[in-house]
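Hi everyone, thanks for making time. I'd like to walk you through a structure that may be new to you, so let's put it up on the screen.

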Amino acid sequence: MVALYGGQRLEELLELRPDDIVTEDGVDIMSIGAIHDRRRARVKTPSSVRRIPVHGALKQLGLLDYVRQMRQSGSRLLFPCFRRGGPDKSYGHGFTQWWTEYRRAVGAYKEGQDFHSMRHGVNTRLLAAKIPEPIIRTLLGHRQGNSMTGGTYNSGLPNAELASAMELLRYPELNLKLLNDRAALPQNR
């Protein structure tokens, strides 16, 4: 759900730490590539280091409560159940195997549609919502281009403007109430 409402690359998401979710200028954001601690930034490109506002749907589903719990528990990672693995020693290695098995088990597997497809979907839905491309590029961590206005003179967009754009990302086909209701049920362990 986080990638569906944020468009993060898989490794960006799995490397998040609880302290990467912060409030800046009154906006809850995810700091991708540790924008506030560049010493540990491991990102695909320099433009990947960015702030992504936390979508209202994720707040409704309890993401900020989860972040607080992970902070209080002392967890190093926001999603600690995956370990680095594979030839590139990425967190995504184990997740990709689990994600494929999970989608097959629930009948949602489609050849050629992987985790990265959510990122494409975020881009498409933001374009359909008439969000200007410079804002979409900022949210997705894409290079702004070689123009003077998009690249050279762009010193960053305000968090409030990014948050307003992100809130236009909608999935009317998703029933968030159903997810909230299921999350509230006692867990059999």
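Which residues are buried in helix H3, residues 63-73? Before I answer, keep in mind that this is a predicted model. Okay, the buried ones are Leu63, Leu64, Val67 and Met70. If you look down the axis of H3, those buried residues fall within an arc of 120°, so they line one face of the helix. The general background is that an α-helix has 3.6 residues a turn, so residues three or four places apart point the same way.

And what do the buried residues of H3 pack against? They have three partners: strand S1 (21-24), strand S2 (27-32) and helix H2 (56-60). Now go round to the face of H3 turned away from the buried side, and you'll find Gln72 and Ser73, which are exposed. Just past the end of H3 comes Gly74, with a positive phi of about 80°.

Next up, aromatics. Searching the whole structure turns up 9 aromatic pairs. Let me show you a couple. Take Tyr66 and Phe79: their ring centres are 5.9 Å apart and their planes sit at 20°, and with anything under 30 degrees counting as stacked, this pair is stacked. Tyr66 belongs to helix H3, while Phe79 is in the loop between H3 and helix H4 (92-105), so the pair ties together parts that are 13 residues apart in sequence. Tyr66 itself is partly exposed, at 26% relative accessible area.

Now compare that with Phe82 and Phe95. Here the ring centres are 5.1 Å apart and the planes are at 70°, so we call this pair edge-to-face. Phe82 is in the loop between H3 and H4 and Phe95 is in helix H4, so here too the pair ties together parts 13 residues apart in sequence. Are these two buried or exposed? Both Phe82 and Phe95 are buried. They also belong to a cluster: ring pairs link Phe82, Phe95, Trp98, Trp99 and Tyr102.

Rings can have charged company as well. Arg104 lies over the face of Tyr109, 4.3 Å from the ring centre.

Last stop, Lys110, which you'll find in the loop between H4 and helix H5 (116-128). Lys110 has 51% relative accessibility, and since the cut-off for exposed is over 50%, Lys110 counts as exposed. How far apart are Lys110 and Thr100 in space? C-alpha to C-alpha, they are 9.5 Å apart, with their positions 10 residues apart in sequence.

That's my tour, so over to you.

Definitions and conventions: Residues numbered from 1 in each chain as written. Predicted model: local features only at pLDDT ≥ 70, side-chain atom pairs only at ≥ 80, totals over all residues. Heavy atoms only, no water. Buried < 20%, exposed > 50% of the residue type's maximum accessible area, 1.4 Å probe, protein only. Helix = DSSP H or I, 4+ residues; strand = E, 2+ residues; numbered from the N terminus. Arc of directions from axis to C-beta. Contact = heavy atoms within 4.5 Å. Phe/Tyr/Trp six-rings, centres within 6.5 Å; stacked < 30°, edge-to-face > 60°. Lys NZ or Arg CZ within 6 Å of the ring centre and 35° of its normal.
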